[in-house]
Amino acid sequence: MSKIVEISDVRRTFVQGDVTIEVLRGINLSVGDGELVALLGPSGSGKSTLLQAIGLLEGGFAGSIKLDGEEVSSSSVDRQTEIRREKLGFVYQFHHLLPDFDALENVILPQLIADAAPDEAEDRAKHLLSKLGLAERLHHRPSKLSGGEQQRVAVARALANRPKLVLADEPTGNLDEHTADIVLGEFMALVRGEGSAAIVATHNERLAAKMDRVFRLHEGVLT
């Protein structure tokens with residue numbers, strides 16, 4: 001199995017006054033193509049910081065980060081932007097959908113930004129939303145969707161450009177237990193069906209157990 005993510009000795013420290021806080025302490029992690037991995041840990045353990053490092057969303061990290069075989073930690077800002085657009089998808093605890101666009105438009109838009117043809121982008125969006133049970137909700141704006149439906153749209157948006165890797169930060173943390181189970185199951189099925197890999201940060205042991213592998217992050221150390 002080839003590796004989509006290879007991380008070596010990734011460190012992140014923050015300085016607050018006279019205090020230096022080590023958030024990530026020499027993280028080593030690899031994820032294979034198509035593999036679903038859980039990143040388990042309590043709030044404040046560094047899960048989001050690690051996902052930001054992998055997703056090239058924040059600087060200040062030491063160590064090596066390779067995505068799809070390419071060393072990206074020292075890439076230019078423009079190249080990192082290209083990598084995020086072409087190879088990465090993101091799902092957050094809060095859906096962050098555009099409120100003035102309906103479900104279909106929210107999934108079409110990132111494809112247009114990536115220069116997809118409008119007809120192809122629409123077909124792709126309809127396909128993903130239908131897979132997530134939203135075929136009858138395509139033209140509803142986020143305010144007219146339930147919490148679970150909003151998060152399903154966010155999942156479809158993350159997969160719209162066929163990313164090699166999806167980074168999900170507490171993707172069901174804002175949902176009730178029953179809805180969280182359903183949405184996570186649909187998320188996993190869709191990611192597997194698309195052939196993408198995923199790293200899912202969560203504090204929920206039960207949900208983490210459904211992934212291919214589970215890593216635990218505690219006080220900046222990954223086991």
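These questions and answers go through a predicted model, its cores, its sheet and a few residues. Local features need pLDDT of at least 70, side-chain atom pairs count only at pLDDT 80 or more, and totals for chains, interfaces and linings use all residues. Residues are numbered from 1 along each chain as its sequence is written, and side-chain values use heavy atoms, with hydrogens and water left out.

Trainee: Which helix supplies the largest share of the largest nonpolar core?

Mentor: A nonpolar core is a set of buried Ala, Val, Leu, Ile, Met, Phe, Trp, Tyr and Cys residues joined through side-chain atoms within 4.5 Å. The largest one has 36 residues. Helices H3 (103–113) and H4 (118–131) are among the elements that each supply at least two of them. The largest share, six residues, comes from H5.

Trainee: Which residues have the most contacts inside that core?

Mentor: Contact means heavy atoms within 4.5 Å. Leu129, for one, touches Leu104, Leu138 and Ala156, among others, not counting residues up to four places away in sequence. The residues with the most contacts inside the core are Val107, Leu129, Val153 and Phe187.

Trainee: Is Thr49 buried or exposed?

Mentor: Thr49 is found in helix H1 (residues 47–54); helices are DSSP runs of H or I, at least four residues, and strands are runs of E, at least two, numbered from the N terminus. Buried means under 20% relative accessible area, exposed over 50%, partly exposed in between (1.4 Å probe, protein chains only). Thr49 has 13% relative accessibility, so it counts as buried.

Trainee: Which strands are the edge strands of the open sheet?

Mentor: Two strands pair if DSSP finds at least two bridges between them. Six strands form the sheet, in the order S6-S7-S8-S3-S9-S10, with mixed pairing. Two of these strands pair on one side only: S6 and S10 (221–222).

Trainee: How many bridges join S3 to S8?

Mentor: In general, strands of a sheet pair through backbone hydrogen bonds, either parallel or antiparallel. S3 and S8 run parallel. Ala38 stands opposite Val200 in S8. The number of bridges joining S3 to S8 is five.

Trainee: What distance separates the C-alpha atoms of Asp181 and Leu207?

Mentor: Asp181 is found in helix H6. Leaving aside neighbours within four places in sequence, Asp181 is in contact with Arg206, Leu207 and Lys210. Asp181 and Leu207 are 26 residues apart along the chain, and their C-alpha atoms are separated by 7.5 Å.
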